[in-house]
Amino acid sequence: MTDFAALRNEMVDRQIAARGVRSLAVLDAMRSVPREEFVPAGVREFAYDDSPLPIAADQTISQPYIVAFMVEALALQGGEKVLEIGAGSGYAAAILSVIASRVYTIERIHELAEYARDALARAGCANVEVIEGDGTRGFPEQAPFDAIVVAAGGPEVPESLKQQLKIGGRLVIPIGASRSVQELVRVTRVAESEFEVEDLADVRFVPLIGAEGWGGRDDKAPARPAKRESREERLQRRVDDACDPFLDIENANIDPLIDRVGDARIVLIGEASHGTSEFYRFRTRVSARLIEEKGFRLVGIEGDWPDAARIDHYVRHLRYPPSEWTAFARFPTWMWRNSEMREFVDWLRIHNSNIAEDERIAFHGLDLYSMYSSIREILRYLDEIDPETAAIARQRYGCLTPWQSDPATYGRAALTGTYRSCEKDVVGMLKELANKHWQYASHDGERFLDAVQNARLIANAERYYRTMYYGSRSSWNLRDNYMFETLQTLIEHYAPHGKAIVWAHNSHVGDASATEMSSRGELNIGHLCRRAYGDGVHIIGFGTDSGTVAAASEWDGPMQVMNVRPAIAGSYERLFHETGQPGFTLALRGADRELRLDLSRPMLQRAIGVIYRPETELASHYFQAVLPQQFDEYVWIDRTSAVDPIKTHELAGMPDTYPFGL
Ligand code: SAH
């Protein structure tokens, strides 16, 4: 037996709420009406699919999302009298009937009118009346209506329907010059003879056939009413009005952005690629201001703990010498070893030299790809302060040493049973260290934190490599959970001053529940932060149209400077590019309702990681997102350029304390 109730809830979460339908009344109605009663028996199992389905007489039952979107656009409060044109299966009427007190629905095809009546009766909708006939003339017997919705596309807004609206009433209808593609518009009767028209979305409906529709009157497509602004044009205008434009990063006025951070405790700063100079430079400007003006105490990056520990040592002028090895020497080296980063690191060091030791800004890594450097660091620490435990650690971590050159193969070997799992050893070692808190912490609290974090990293990385073979979702979630927990540990460690800045990719910081990731069951650090800290989190996303980027063609491949293709149609990037602004910051959380609504229709968004594959860009780098839910703030930089990587030989002759090592 199919569990329709479960499918229905899943449909509401993934197809409707995730795409920005907010009205609780609509979401509840969508959760309560059994859609399977309205689709033909042969396609019942697809009742909750994210698409329209065929019904009799070549007509369709609309996609669930579009029904929810249209009903939301009617802005019903409950208790209204509503008219629908195009009953079809009766499904949309059933949804309306949950919210409104009385629903009239007109259907021109006899067979469908009967069908809708039966389905509505099965679903127990007693307050709906199905009328057979041409609905383009409306239903004068019951007029005026609080709301009218038309489920078929006409050439223009039928005058009769406008006249049957109450003052303040809303009419939602697809209108288009062709029979198959339309714009969904909302007409609001603001006064007796005054109507306001808004474009809501691009849609595809079956044709509205009748006296004031297609094929009525003299059957030629009537001229469209005076040219309205297209949806794109309106969106561009609204973005243009709302944004704070800038010409270049160094001179951008970021005061409004800093104000909007308010008293958030965590600011997550994204990037749309791992190799764009401008994103790092903008982050540096924002972070410096947050540190200077708002008491932010630590920076956490999407980089590994022991590598960041070397930078931390440098910027905080810490006492214990860092290790000798080179920080951020593994693929993708350019991500953190670049001159933009060096500027920020040097700024931090100078900033810290003027403040008390225990108030200095810390720099930490949240990621877990450094299993072997972490092992080395723990051994180095234990050798010095507790040689006996060091011997035990050597033996336990020894379990992982055969896989040093390719830890991913360890995961496979452990899972297939060709090699024993090291889980017990690494978890045991973490417990052992944690238990020594009092004994060790007296040496130096910072070093103990360092050792425990490395032990946590190893335990998580061990699991990460095993989990990888179950599929990308579980390992992605494990990694983001780990990053989030590390951030929490740090916030507690620096309490009560633990205000944190995080630098990580948009895909980690932008709330996963607002993107395609959620339909794959993926979460991320942005989502976890919002869940734990609510409004105390401020998320800043980035985007660009074109230029160059530092990236590789494949994992472990060499860094190349590649051309970024101009953004594709239908993407947020294209929209922002078309504003013609070289750069801007845009408040999303605080944006006015209209702009939020406009931007909330899911659009494509580009994400370039350490790999960039322009040949398969659409499939490899674009995904669907709802921007105003993903981020609280957005930074647009139209043309961008690749980061400037630091080559190892350029570092020769640098002072010993140089953070990136030799
Ligand atoms: N609301 C429906 C969607 C049905 S598709 C649902 O949820 O299933 C649109 C319907 O509009 C079709 O059944 C079509 O026959 C009907 N239609 C088209 N022109 C019409 C008109 N002038 N009057 C009444 N119904 C019309």
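What follows is a friendly exchange about a predicted model, covering its disulfide, some of its buried elements and its cavities.

Biologist: Happy to start with the cysteines: which two form a disulfide?

Modeller: A pair counts as a disulfide when the sulfur atoms are within 2.5 Å. One pair has its sulfur atoms 1.9 Å apart, and the link is left-handed, with -80° about the S-S bond. That pair is Cys399 and Cys422.

Biologist: Nice. How many residues apart in sequence are the parts that this pair ties together?

Modeller: Cys399 sits in the loop between helices H13 (387-398) and H14 (407-416). Cys422 is in the loop between H14 and helix H15 (423-435). The disulfide therefore ties together parts whose separation in sequence is 23 residues.

Biologist: And is Cys529 buried or exposed?

Modeller: Buried means under 20% relative accessible area. Cys529 has 0% relative accessibility, so by that cut-off Cys529 is buried.

Biologist: Let's turn to helix H4 (residues 91-99). How many of its 9 residues are buried?

Modeller: The buried ones include Tyr91, Ile95, Leu96 and Ile99. Helix H4 is largely enclosed by the rest of the structure, because its buried residues number 8 of the 9.

Biologist: Strand E21 (residues 633-637) caught my eye too. Which of its residues point the other way from Glu633, Val635 and Ile637?

Modeller: In a regular strand, side chains alternate between the two faces of the sheet. Strand E21 is mostly covered, with 5 of its 5 residues buried. Glu633, Val635 and Ile637 point one way, and pointing the other way are Tyr634 and Trp636.

Biologist: Which strand runs antiparallel to E21?

Modeller: Strand E15 (residues 537-543) pairs with E21 in the parallel sense over 4 bridges, and there Phe542 has Val635 as its bridge partner. On the antiparallel side, Leu586 stands opposite Tyr634, and 5 bridges join E21 to strand E18 (residues 583-587).

Biologist: Now for the empty space. What is the volume of the largest cavity?

Modeller: The whole structure holds 2 cavities of 30 Å³ or more. The largest cavity has a volume of about 70 Å³. Of its 13 lining residues, the closest to the centre are Ala272, Ser273, Thr544, Arg606 and Ile608. The lining divides into 5 nonpolar, 6 polar and 2 charged residues, around a volume of about 70 Å³.

Biologist: Last one: which helix gives the largest share of the lining of the second largest cavity?

Modeller: The second largest cavity has a volume of about 60 Å³. Its lining includes Tyr65, Phe69 and Glu72, and it divides into 4 nonpolar, 2 polar and 3 charged residues. The largest share, 3 residues, comes from helix H3 (residues 64-73).

Notes
Residues are numbered from 1 along each chain as its sequence is written. This is a predicted model: local features need pLDDT of at least 70, side-chain atom pairs count only at pLDDT 80 or more; totals for chains, interfaces and linings use all residues. Side-chain values use heavy atoms; hydrogens and water are left out. Helices (H or I, at least four residues) and strands (E, at least two) are DSSP runs, numbered from the N terminus. Buried means under 20% relative accessible area, exposed over 50%, partly exposed in between (1.4 Å probe, protein chains only). Two strands pair if DSSP finds at least two bridges between them. On a 1 Å grid over the protein atoms alone, a cavity is a set of points where a 1.4 Å probe fits but cannot get out, and a pocket is an open set with protein on both sides within 12 Å along at least five of seven lines; lining residues have an atom within 4 Å of a point. Grid points are joined across faces, edges and corners, and a volume is the space filled by probe spheres set on the points. Ala, Val, Leu, Ile, Met, Phe, Trp, Tyr, Cys and Pro count as nonpolar, Asp, Glu, Lys and Arg as charged, and the others, Gly among them, as polar.
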